[in-house]
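Q: Hi! Could you walk me through this model, a bit at a time?

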Amino acid sequence: MDFNLTEQQEMFQKEVRKFAEAEITPLVDIMDKQNNFPHEIRPKLAAMNLYGIPFDPKYGGAGSDHVSLVLALEEIAKVAASMAIHIQLQQVVNDRFNKLATEEQKMEWMPQICEGKKVGCFGFTEPDTGSNPKMIKTVAVEEDDCYVINGTKRFITNAPFADVMCIFAKLEGDISLFFAETDRPGFSTSAKMDKLGLRGTDLSDTIFEDLRVPKDHLMGGKGGKFDALKDAMTIGKLCLSAQCVGLMQASLEEAIKYAMTRMHFDEPIFELQAIHWLLAEMASRLEASRWLTYRAAFLKDQGMDTIKDMAITKLFVTSTAVDVCRWGMQVHGAYGISKEYKIERLFRDAKMYELLEGTSEIQRELIVKRLPR
Amino acid sequence: MDFKLTDEHMKLRKEFFNVCAELEKQKPSGFSGLESVYDTDEGWDYHLHCAKEFAKRGWLAHGWPPEYGGHGTIMDKVLFSEARGHYDLPGVDIFGVEMLAPTLLAMASEEIKKEFLPGIAAGETMWCELWSEPNAGSDLASLTAGAVRKGDEYVINGQKIWSTGAHRAHWAFALVRTNPQAERKQQGITFVLFDMKTPGVTVNPLFFMDRGHLYNEVFLDDVHVPVTNIVGEENNGWAVTQILAGFERSNVGTIAWLRRQLSDLVEYCNETKVKGSPLSRDPLIRNRIAELACSIEAARTLSYKIADAQSKNEMSAFEASGVKVFAAELQARVACLGADILGPYGQVKRSQWSPLDGFYERWYQQFFVLWMAMGTNEIQRNIIAWYGLGLPRMK
């Protein structure tokens with residue numbers, strides 16, 4: 001066993017930390033307060049290879065591993081979780097191309113996504129189904145030289161400005177996966193949603209009305225793509241967990257900073273036992289979450305079946321992040337609820353993670369089904 | 001022991017609920033509690049309208065002596081509070097009616113009572129509290145805003161913070177330091193009243209995390225206040241603050257409001273189908289709702305017990321602390337349960353996508369307020385430990 005990062009991973013972690021502090025910090029208010037995505041950051045993210053960390057360099061990737069991916073997302077989320085979600089979506093879309101597209105399609109799309117020239121989004125959630133994708137109502141029908149897709153997807157991150165979308169739809173009664181350029185007739189998005197946390201990652205419905213895509217836009221052949229969805233969600237859960245670790249780290253640092261300077265009965269509140277206990281609890285939960293996440297990434301890099309481990313990681317880390325950020329607010333007292341301090345944003349952002357990529361309840365079901373008996 | 005209300009109380013309770021139900025029909029679209037009162041003009045106008053309706057029935061002066069226009073008993077006030085809580089109605093100025101009026105009745109001069117009580121009972125004068133400062137919250141006695149006496153006036157300078165509704169209020173009651181040389185920091189503080197339009201009063205917003213405008217910071221620069229505008233004696237303001245512990249603190253209104261929220265959530269779960277089956281059939285959801293319903297019922301019983309003790313002058317301070325902690329934590333549990341049940345839809349702001357009028361997106365951010373306000377839950381636990389259980393004081 002070896003719990004040390006490699007020299008390369010450590011170096012990458014430091015570079016991303018430096019980059020996030022310098023380049024992303026100034027964008028936090030644009031994202032959170034104005035609820036806008038700052039597109040000028042895309043070339044800079046691409047220059048840091050953040051859009052394609054684990055992918056082959058021939059497709060524009062960094063040729064690195066999933067441990068590096070979680071290290072990067074942790075550092076980015078520590079500064080702005082909204083930015084990390086945007087990056088995650090690029091990874092997830094690229095991952096689908098990497099595993100299911102033709103060589104020609106990979107060469108066409110993956111480098112453009114890695115370079116930040118194109119943005120991807122990913123659609124399986126629908127108005128009437130979230131955690132149970134088998135019930136999706138979006139349908140594709142084969143017609144001469146194309147497929148015609150009809151339906152609506154909900155809560156689609158990056159959708160308002162995406163160039164390409166991965167779409168799960170029922171074809172001949174079974175789940176298939178397509179990709180579609182978003183400038184095709186029949187593709188539209190709703191107004192942008194305004195939401196509690198992770199603001200600035202644009203979110204909307206996508207609507208398909210006789211959306212026609214060429215036959216080669218069917219990814220990995222007809223049907224049987226429920227497993228592809230589960231696989232995509234596995235990567236998603238890993239990315240979300242990494243971001244929660246970043247949020248918790250930021251929350252702990254903010255709480256310590258505040259406790260050291262806030263005077264109460266003539267001494268900093270850092271001296272109070274009640275505050276010690278909160279901080280100690282936050283630190284220990286953070287460490288447990290961090291190593292659970294790194295382990296999940298390691299298992300992924302080993303090519304192991306990680307469905308249960310990712311569910312365990314996602315369940316523990318995302319619910320822990322909600323607690324840790326809430327405790328961070330409690331340390332701040334009344335100041336925690338004002339816009340003057342960063343902790344309120346961390347608290348709002350943390351709640352979003354419990355619900356993405358399958359709710360905590362769904363994770364419990366996945367875990368129980370895979371327990372030895 | 002008798003857990004039933006008297007026939008007279010039942011009749012009154014019905015009247016309170018009937019009037020509140022009528023007023024609820026006039027609520028502006030999207031109205032949501034205290035935040036709407038202070039944040040929007042429509043909410044503020046509605047607050048004033050409800051106040052007038054309550055005032056004309058004498059309901060803003062429950063428990064006051066008849067010579068000041070008083071009406072009814074503490075228990076009447078509790079029942080009225082329950083009805084308002086159920087319908088989430090404004091109209092009772094928490095600072096004027098709930099805090100200042102009982103303080104004036106207990107400690108103010110006859111002149112002050114006659115000058116200020118009628119405006120409160122009529123629902124015409126709205127107040128704010130200027131107590132907390134950047135470095136004096138739970139440790140309130142550390143406040144530094146100072147008042148220097150010049151002739152028949154005080155000249156006040158300093159900064160106050162977390163002043164709820166100061167941007168709407170007509171008048172303020174403030175704590176200021178009139179003797180910085182006092183031996184103990186609790187000494188040398190005076191309780192003063194002044195018009196918020198007095199020159200030198202500047203109110204700046206402090207935006208809440210959901211961008212709402214409830215709180216303010218208030219700067220006092222050479223604010224001249226007549227020396228007659230004090231409650232209690234000069235330098236004895238701390239004693240005035242302490243009598244607040246004796247006021248209505250059953251939290252029965254909060255508990256009634258929580259019951260209503262839970263009932264709305266149950267209705268949502270009955271009407272919303274997932275995988276073809278109503279959410280209310282999900283064992284996990286049923287379990288959490290049932291647990292919460294039990295806790296709310298326990299809190300309701302506790303709050304009635306406190307109201308009863310208070311109406312008989314038998315209440316101890318730590319009992320009110322207990323129900324305050326319980327109510328604050330219940331609010332958090334309702335907020336988290338709603339957010340969990342509504343899933344991603346519970347995190348979307350009020351719009352075409354948000355069920356229950358976007359309530360849980362707002363409430364998930366607002367439940368913290370009771371946790372912090374009126375003495376944080378940590379401070380309340382200290383009170384319970386010290387006064388209730390006799391445990392030693394420590395850091």
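The chat below goes from the chain contacts to the domains and then to some strands.

A: Sure! This is a predicted model, where local features need pLDDT of at least 70 and side-chain atom pairs count only at pLDDT 80 or more, while totals for chains, interfaces and linings use all residues. Residues are numbered from 1 along each chain as its sequence is written, with chains lettered from A and ligands numbered from 1 in the order in which they are written.

Q: Cool. How many residues of chain A are in contact with chain B?

A: 29 residues of chain A are in contact with 28 of chain B (in contact: C-beta atoms, placed from the backbone, within 7 Å).

Q: And which element gives the most to that side of chain A?

A: H9(A), with four residues. Helix H9 spans 343-353 of chain A (helices are DSSP runs of H or I, at least four residues; strands are runs of E, at least two; both are numbered from the N terminus).

Q: New topic: what domains does chain A have?

A: The assignment, which is automatic or from a database, gives domain 1 (7-114), domain 2 (120-219) and domain 3 (226-369).

Q: How many residues of domain 1 of chain A are in contact with domain 3?

A: 20, meeting 21 residues of domain 3 of chain A. Helix H4 (residues 66-100) of chain A supplies the largest share of the domain 1 side, 18 residues.

Q: Now chain B. How do S2(B) and S3(B) run?

A: Antiparallel, with five bridges joining strand S2 (residues 146-150) to strand S3 (residues 153-161) (strands pair if DSSP finds at least two bridges between them). They form a hairpin with two residues between them, and Gly151(B) in the turn has a positive phi of about 65°.

Q: What is the bridge partner of Val148(B)?

A: Val155(B), in S3(B).

Note on methods. Contact = placed C-beta atoms within 7 Å.
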